[in-house]
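Q: Please take a close look at one part of this model for me, and tell me how it sits against its neighbours.

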Amino acid sequence: MSISVDSWLEFCHSFVSIINGSPLSHPMEWCYYLGCILVAFSAPLAVFVFIIAPRPQLIVVFLSSTIFYWIAIMINTVIWKLLPFLQSSSTIFIMVGVLVIELMRPIYFHYFNVARRSFRTVSTNRVIFPLDDLTASIASGFGWG
């Protein structure tokens with residue numbers, strides 16, 4: 001199925017009219033914006049739809065790794081607020097931020113292994129939904145950022 005330029009422009013015009021109500025900017029700017037968004041998010045969306053979404057336990061792995069990543073980011077923001085010298089030196093804060101995120105990864109990996117072992121105890125799940133394959137690593141990394 002091919003999309004013609006006219007139908008793409010028509011879609012952009014309708015999108016602009018929905019968002020703005022009045023065409024304040026040129027419609028080609030919106031076409032460029034939407035095209036860049038589609039290019040940027042097509043690969044992650046494809047990974048999510050075709051690899052992670054068909055298996056429910058991978059969605060749980062994805063969400064749990066996302067939660068651990070958010071916790072690391074929240075710890076970074078608390079450190080940034082509590083230590084005022086970090087607010088003036090971005091180099092030191094980046095090093096501290098990366099250190100906090102990398103210290104959070106083994107904690108997440110520990111909980112992932114605990115969950116994997118407990119998931120293996122149910123014999124039907126071990127055969128149908130193993131968490132030892134590459135897709136579990138992809139889901140975990142996809143949630144981590």
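A: Happy to. Helix α3 has 27 residues and reaches 39 Å from its first C-alpha to its last, close to the 39 Å expected at 1.5 Å a residue. That expected span is 1.5 Å times one less than the number of residues in the helix. The helix covers residues 56-82. Helices here are DSSP runs of H or I with at least four residues, strands are runs of E with at least two, and both are numbered from the N terminus.

Before going further, a word on the source: this is a predicted model, in which local features need pLDDT of at least 70 and side-chain atom pairs count only at pLDDT 80 or more, while totals for chains, interfaces and linings use all residues. Residues are numbered from 1 along each chain as its sequence is written, and side-chain values use heavy atoms, with hydrogens and water left out.

The setting of α3 is helical: the protein has seven helices and zero strands. Of its 145 residues, 22% count as buried, that is, under 20% relative accessible area, with exposed meaning over 50% and partly exposed in between (1.4 Å probe, protein chains only). In α3, the buried residues are Gln-57, Leu-58, Val-61, Phe-62, Ser-65, Thr-66, Phe-68, Ala-72 and Asn-76.

One partner of α3 is helix α5, residues 90-120; the two pack at an angle of about 150°, with their axes 9 Å apart. (Axes are lines fitted to C-alpha atoms, for helices over the stretch in contact, and angles run from 0 to 180 degrees between N-to-C directions.) α3 and α5 are therefore roughly antiparallel to each other; angles over 145 degrees earn that label, those under 35 count as roughly parallel, 65 to 115 as roughly perpendicular, and the rest as oblique. Their crossing is right-handed, a term used if the near helix is turned clockwise from the far one by less than a right angle, with anticlockwise giving left-handed. The residues of this contact between α3 and α5 divide into 19 nonpolar, five polar and no charged. Here Ala, Val, Leu, Ile, Met, Phe, Trp, Tyr, Cys and Pro count as nonpolar, Asp, Glu, Lys and Arg as charged, and the others, Gly among them, as polar.

Ala-72 gives a view into that packing. This residue of α3 has 0% relative accessibility and so counts as buried. Ala-72 touches Val-100, Ile-101 and Met-104, leaving aside residues up to four places away in sequence; contact means heavy atoms within 4.5 Å. Ala-72 and Val-100 are 28 residues apart in sequence, yet 6.3 Å apart in space, C-alpha to C-alpha.

Another partner of α3 is α7. The axes of α3 and α7 come within 7 Å and cross at roughly 35°, and the crossing is right-handed. From α3, the contact is made by Leu-58, Val-61, Phe-62, Ser-65, Thr-66, Phe-68 and Tyr-69; from α7, by Thr-135, Ala-136, Ala-139, Ser-140, Phe-142, Gly-143 and Trp-144. These residues of the α3 and α7 contact divide into nine nonpolar, five polar and no charged. In α7, the buried residues are Thr-135, Ala-136, Ala-139, Ser-140, Gly-143 and Trp-144.

Tyr-69, also in α3, links these two partners. Tyr-69 touches Ile-101, Gly-143 and Trp-144, again not counting residues up to four places away in sequence. At 25% relative accessibility, Tyr-69 counts as partly exposed. Tyr-69 and Met-104 are 35 residues apart in sequence and 7.7 Å apart in space, C-alpha to C-alpha.

The two partners also meet each other. α5 and α7 pack at an angle of about 140°, with their axes 13 Å apart, and are therefore oblique to each other. On the α5 side, Ile-101, Met-104, Arg-105, Tyr-108 and Phe-112 meet Ala-136, Ser-140 and Trp-144 of α7; the residues of this α5 and α7 contact divide into six nonpolar, one polar and one charged. Buried residues in α5 are Gly-97, Val-100, Ile-101, Met-104, Tyr-108, Phe-112 and Asn-113, and what covers them includes α3 and α7.
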